[in-house]
Amino acid sequence: MRTPSSPGEAERAEEPAVRIGALVPLTRPGWAEAGRHLLAGLELAVREVNATGGVAGRPLELVVRDTAADPEKAAAAVDELARLGVAAVAGEYHSVVARAAAARADALGLPYLCSSAVLDALTEQPTDQVARIAPAQSHGWRIYADFLLGAGHRSIAVAAEPSVYWASGTRILRDHLAPRGGTVIGLDMRALTPAAVCDALVDHRATALLLLVGHPEPAVPVVKAVRHDPRLSDVLIGAPAGQPEFHEWAAALGDDGAAIPFLRYRPEHLGPLGAHVETVLRERLGEAPSFVAFEGYDTVVVLADVLRTRGAGTAVSWPGVVVEGTRGQIRFSRTPGISAWQWAWAPVHVVDRDPADPDRFRTLHAG
């Protein structure tokens with residue numbers, strides 16, 4: 001799967017393309033809507049880079065592979081992309097999948113710029129091959145924990161499924177909340193029905209429930225059960241991983257899906273580039289673009305700059321990058337506890353959908 005050619009690309013057909021491998025979840029069990037937004041951002045940036053001369057006169061070309069949220073499939077895709085001679089690999093949304101892709105890219109000496117996955121440990125050891133656009137989980141989820149504390153929540157239940165990503169999130173929350181008087185109550189979603197979750201919230205006198213689970217199952221039935229349980233009318237439901245950002249969430253839950261705070265990695269007000277990209281992506285997607293689409297666009301902007309200044313096939317120097325992205329100036333640095341080169345940081349806000357207008361997002365807390 002490749003991006004369609006633009007008129008500018010056709011004019012430079014005689015020039016060999018600079019190929020970038022793109023990893024995106026486009027089919028289940030991956031979150032296909034997130035993958036669609038990520039790919040839209042990647043493709044738009046490629047078209048705009050090519051319309052302004054490409055990379056030293058050579059067009060960019062995306063070589064897209066569907067990971068379907070499968071780590072083994074992602075690692076195999078990196079092997080295939082390396083054989084095809086891509087200059088770099090980009091993308092991915094799911095953290096566990098991105099970690100598998102990063103490990104394989106690092107082993108092959110292939111630059112990988114992760115677009116949207118946030119797990120701190122993308123690689124086992126620090127490497128010069130891997131960098132990331134998205135904020136690390138420890139950074140964003142501590143901001144979310146501060147939001148909970150500021151809103152008066154001290155008894156916080158976490159409905160979680162087994163996953164390295166969800167376990168990491170639970171640990172970050174517990175470590176940040178405990179010294180500040182907060183308690184995290186773990187609810188194992190392998191053993192609990194939505195009705196049992198409601199009973200547990202009552203028994204523990206929890207004032208907030210965080211959904212560290214997949215969408216639509218079991219997130220949607222849990223939200224519906226809590227929303228319609230009269231004992232829990234004052235309980236805050238939260239989804240720090242960002243599920244309510246997407247149209248599928250609103251379509252599945254309607255009014256029940258509003259007022260559920262989540263982490264959003266974009267500023268409340270976009271600058272000129274961000275506003276332009278938002279307008280074009282809205283038209284291409286047929287709906288408001290998520291922050292994931294902006295992450296995709298920024299990924300290509302960074303890689304194009306790297307390839308222009310250093311050339312395809314040469315070593316990448318992430319700390320030398322200074323690029324204006326859709327959400328601010330992008331620079332990479334070594335951040336304590338983070339194994340990849342990291343943009344520190346993209347804007348981080350806690351937002352929710354306005355109950356009076358679910359298509360409108362309200363900013364509740366800024367990191």
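Let me start with helices α5 and α6, which are oblique to each other, a word reserved for angles that are neither under 35 degrees (roughly parallel), nor over 145 (roughly antiparallel), nor 65 to 115 (roughly perpendicular). Helix α5 covers residues 137-150 and helix α6 residues 164-177, and the two pack at an angle of about 50° with their axes 9 Å apart. The axes here are lines fitted to C-alpha atoms, for helices over the stretch in contact, and the angles run from 0 to 180 degrees between N-to-C directions. The helices and strands themselves are DSSP runs numbered from the N terminus, helices being H or I of at least four residues and strands E of at least two.

Before I go on, please keep in mind that this is a predicted model, in which local features need pLDDT of at least 70 and side-chain atom pairs count only at pLDDT 80 or more, while totals for chains, interfaces and linings use all residues. Residues are numbered from 1 along each chain as its sequence is written, and side-chain values use heavy atoms, with hydrogens and water left out.

Coming back to the pair, the crossing of α5 and α6 is right-handed, meaning that the near helix is turned clockwise from the far one by less than a right angle, whereas anticlockwise would make it left-handed. On the α5 side the residues involved include W141, R142 and L149, and on the α6 side they include Y165, W166 and H176, where contact means heavy atoms within 4.5 Å. Sorted by class, the contact of α5 with α6 has 8 nonpolar, 6 polar and 2 charged residues; nonpolar here covers Ala, Val, Leu, Ile, Met, Phe, Trp, Tyr, Cys and Pro, charged covers Asp, Glu, Lys and Arg, and the others, Gly among them, are polar.

One residue of α5 deserves a pause, namely S138. S138 counts as buried at 8% relative accessibility, since buried means under 20% relative accessible area, exposed over 50%, and partly exposed in between, using a 1.4 Å probe and protein chains only. Leaving aside neighbours within four places in sequence, S138 is in contact with D120, I172 and I338. Its C-alpha atom is separated by 8.4 Å from that of V118, which is 20 residues away along the chain.

A second helix pair is α3 (residues 71-83) with α4 (residues 95-108), whose axes come within 8 Å and cross at roughly 30°. This crossing of α3 and α4 is also described as right-handed. The residues that make the contact include A74, V78 and D79 of α3 and V97, R104 and L108 of α4, and by class there are 11 nonpolar, no polar and 2 charged residues.

Now to the sheets, where two strands pair if DSSP finds at least two bridges between them. An open sheet of 7 strands has the order β2-β1-β3-β4-β5-β14-β13, with mixed pairing. Because β2 (60-66) and β13 (332-333) stand at the edges with a single partner strand each, one side of each is left without a neighbour in the sheet. Within this sheet, 4 bridges join β1 (residues 18-24) to β3 (residues 88-91), running parallel, and A22 stands opposite A90 in β3. Helix α2 (residues 32-51) packs on the sheet, touching β1, β2 and β3, and its direction makes about 165° with that of β2. Helix α4, which we met a moment ago, lies across β1, β4 (112-114) and β5 (130-132), running at about 165° to β4.

What is the order of the strands in the open sheet of 3 strands? The order is β10-β15-β16, with antiparallel pairing, and the twist averages 45° from one strand to the next. Strands β15 (residues 349-354) and β16 are joined by 6 bridges, and a hairpin connects them through 2 residues. Bridge partners in β16 include T363 for V351 and F361 for R353.

Strand β6 (residues 155-160) is mostly covered, with 6 of its 6 residues buried, and 6 bridges join β6 to β7 (residues 183-188) in parallel.

Finally, a few backbone details to look at on the screen. Cis peptide bonds join E217 to P218, with omega about 0°, and A344 to W345, with omega near 0°. R205, although not a glycine, has a positive phi of about 55°, and R205 is exposed, with a relative accessible area of 71%.
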